[in-house]
Amino acid sequence: MALTKDTRITLNDGNTMPVLGLGTYAAPDVPKIQAEEATKIAIDLGYRHIDCAYVYNNEVQIGNAIRAKIADGTVRREDIFYTGKLYSTFFNPVLARKGFEKSIQDLQLDYLDLFLLHWPFSLKLAEGEESISPDKPYVYDNVDFCDTWEVLEQLKDAGLVKSIGVSNFNKRQLERLLSKPGLKYKPVCNQVECHVYLSQSKLQAYCKSKDIVLVAYSVLGSHRDKDWVDLSTPVLLEDPVLASVAAKYNRSPAEVAMRFVLQKGIVVLAKSFSVARLKQNLGVFDFELKPEDMETLEGLNKNLHYGAFKEMKQHPEYPFHEEY
Ligand SMILES: NC(=O)c1ccc[n+]([C@@H]2O[C@H](COP(=O)([O-])OP(=O)(O)OC[C@H]3O[C@@H](n4cnc5c(N)ncnc54)[C@H](OP(=O)(O)O)[C@@H]3O)[C@@H](O)[C@H]2O)c1
């Protein structure tokens, strides 16, 4: 079946997710209003899946955009697939409910389509801090994500979130969650970094065997926000092999980078706050990569994590020590 911007993938709980999502993270110095404007334009262009999180500090603006597009008749609430994420500082089960409530109040929505555990590790805020900052040392916490998961299951039972899933989990952590005594709902997805330099084939195969959808972030090579990404890493969209495949199809490197991941059967998130690039990225549905070009792009894999989150390396639940 040909992929279109309206293609949706069925999740293990029966709900469906559009195969292309709009990323909304931007560095703190980017005015928040840009996220609101870009989300409105993206909805006008036909994007229906919006990926956000408490820690992006822009749920107020994203909620404004979604509600404005419902109010002007462009979409109905049920046309939009909104993903939120519970940050690591809310893993204590009492705080988890508060973390959800903060998101839903900021968004001014009645429910979330998908709510994820943002990371497998838990953190505490330092004394006197209101939010995590890359300038301050992280304070590790030892709340087990299996305990936090029960709160997500309750939110699903209450109809406040339609689906629940995880992000940045490795195979061992997924196995531990799946074998949790009394597990009521499996995660519907695992949202992870995935692109031509990090093809995630082994994690994808494992997730597929458990009916868990892989959702890819940083498909275009990430936001390269200096607080989170090592700027000595190669710029993905400048890769010469990617450029040569793109030239062959008369497409941009961004479209080919996205198409590669989509054609692997992985849901793609791509962030842009530019009207031209939001439009360009929808071109991903207008061509198909031949098997030999898929193979060439697969050959670029070097297991590179742009978002390695090195500050967390000593945490017992740091997910990237294992191969996948
Ligand atoms: N679960 C997690 O832990 C996690 C981690 C990271 C990201 N995410 C999610 O995934 C989303 C996407 O990942 P990401 O933000 O790391 O980055 P990304 O989507 O890989 O790349 C975004 C960058 O690419 C640029 N861009 C977009 N379209 C382009 C095009 N056609 N040509 C050239 N450049 C283009 C954007 O700039 P312009 O805006 O100027 O176009 C931006 O600088 C995030 O926004 C967030 O929603 C989740």
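Me: Which side chains does Asp-157 meet in a salt bridge?
Reply: In this predicted model, the side chain of Asp-157 meets that of Lys-184 in a salt bridge, at 2.7 Å from N to O.

Me: Where do Asp-157 and Lys-184 lie, and how many residues apart in sequence are the parts they tie together?
Reply: Asp-157 belongs to helix α4 (residues 145-157), whereas Lys-184 sits in the loop between α5 and β10, so the pair ties together parts that are 27 residues apart in sequence.

Me: Is Asp-157 buried or exposed?
Reply: Asp-157 is partly exposed; its relative accessible area is 43%.

Me: Which residue forms a salt bridge with Arg-176?
Reply: Glu-317 forms a salt bridge with Arg-176, and the closest N and O atoms are 2.8 Å apart. Arg-176 lies in helix α5 and Glu-317 in the segment after α10, so this pair ties together parts that are 141 residues apart in sequence.

Me: And what is the accessibility of Arg-176? What about Glu-317?
Reply: Arg-176 counts as partly exposed, at 28% relative accessibility. Glu-317 is buried, because its relative accessible area of 15% falls under the 20% limit.

Me: Which residues are linked with Arg-176 and Glu-317 in a network of salt bridges?
Reply: Asp-144, Arg-172 and Glu-322 are linked with Arg-176 and Glu-317 in a network of salt bridges.

Me: How many salt bridges does the structure hold?
Reply: The structure holds 24 salt bridges. One further pair is Glu-255 with Arg-251, where the closest N and O atoms are 3.0 Å apart. Within that pair, Glu-255 is buried, with a relative accessible area of 6%, and Arg-251 is partly exposed, with a relative accessible area of 26%.

Me: Changing topic to the strands. Why is β9 largely enclosed by the rest of the structure?
Reply: Strand β9 covers residues 161-167, and 6 of its 7 residues are buried, so the rest of the structure largely encloses it.

Me: In what sense does β9 pair with β6, and over how many bridges?
Reply: Strand β6 (residues 112-117) pairs with β9 in the parallel sense over 5 bridges. In β9, Gly-165 is the bridge partner of Leu-116.

Me: What about β9 and β10?
Reply: Strand β10 (residues 189-193) also pairs with β9 in the parallel sense, over 2 bridges. Ser-167 stands opposite Gln-191 in β10. From β9 the chain crosses through helix α5 (residues 171-178) to β10, and this β-α-β crossover is right-handed.

Me: On to the pockets. What volume has the second largest pocket?
Reply: The second largest pocket has a volume of about 330 Å³. It is lined by 20 residues, of which Leu-198, Gln-200, Asn-303, Glu-323 and Tyr-324 are the closest to its centre.

Me: Which elements give two or more residues to that lining?
Reply: Those elements are β10 and α6 (201-209). Helix α6 gives the most to the lining, with 3 residues. By class, the lining of the second largest pocket has 7 nonpolar, 8 polar and 5 charged residues.

Me: Asn-303 came up there. What is its phi?
Reply: Asn-303 has a positive phi of about 50°, although it is not a glycine. Asn-303 is placed in the segment after α10 (291-298), and Asn-303 is partly exposed, with a relative accessible area of 47%.

Me: And what phi has Asn-57?
Reply: Asn-57 likewise is not a glycine and has a positive phi, of about 60°. Asn-57 is found in the loop between β4 (49-51) and α2 (59-71). Asn-57 is exposed, because its relative accessible area of 56% is over the 50% limit.

Me: Last topic, the cavities. How many of 30 Å³ or more are there?
Reply: The count comes to 3 cavities of 30 Å³ or more. The largest cavity contains about 60 Å³ of space, and the second largest contains about 40 Å³.

Me: Which residues line the largest cavity?
Reply: Among them are Lys-124, Leu-125, Glu-129, Ile-132, Lys-136, Pro-137, Tyr-138 and Val-139. By class, this lining has 6 nonpolar, 2 polar and 3 charged residues.

Me: And which residues line the second largest cavity?
Reply: That lining includes Thr-24, Val-30, Pro-31, Lys-32, Asn-58 and Phe-273. Its residues divide into 6 nonpolar, 2 polar and 1 charged.

Methods: Residues numbered from 1 in each chain as written. Predicted model: local features only at pLDDT ≥ 70, side-chain atom pairs only at ≥ 80, totals over all residues. Heavy atoms only, no water. 1 Å grid on protein atoms, 1.4 Å probe; cavity = no way out; pocket = protein on both sides within 12 Å on 5 of 7 lines; lining within 4 Å. Points joined across faces, edges and corners; volume = space filled by probe spheres on them. Nonpolar A, V, L, I, M, F, W, Y, C, P; charged D, E, K, R; others polar. Buried < 20%, exposed > 50% of the residue type's maximum accessible area, 1.4 Å probe, protein only. Helix = DSSP H or I, 4+ residues; strand = E, 2+ residues; numbered from the N terminus. Pairing = 2+ DSSP bridges. Right-handed = clockwise from strand over helix to strand, strands pointing away. Salt bridge = Lys/Arg side-chain N within 4 Å of Asp/Glu carboxyl O.
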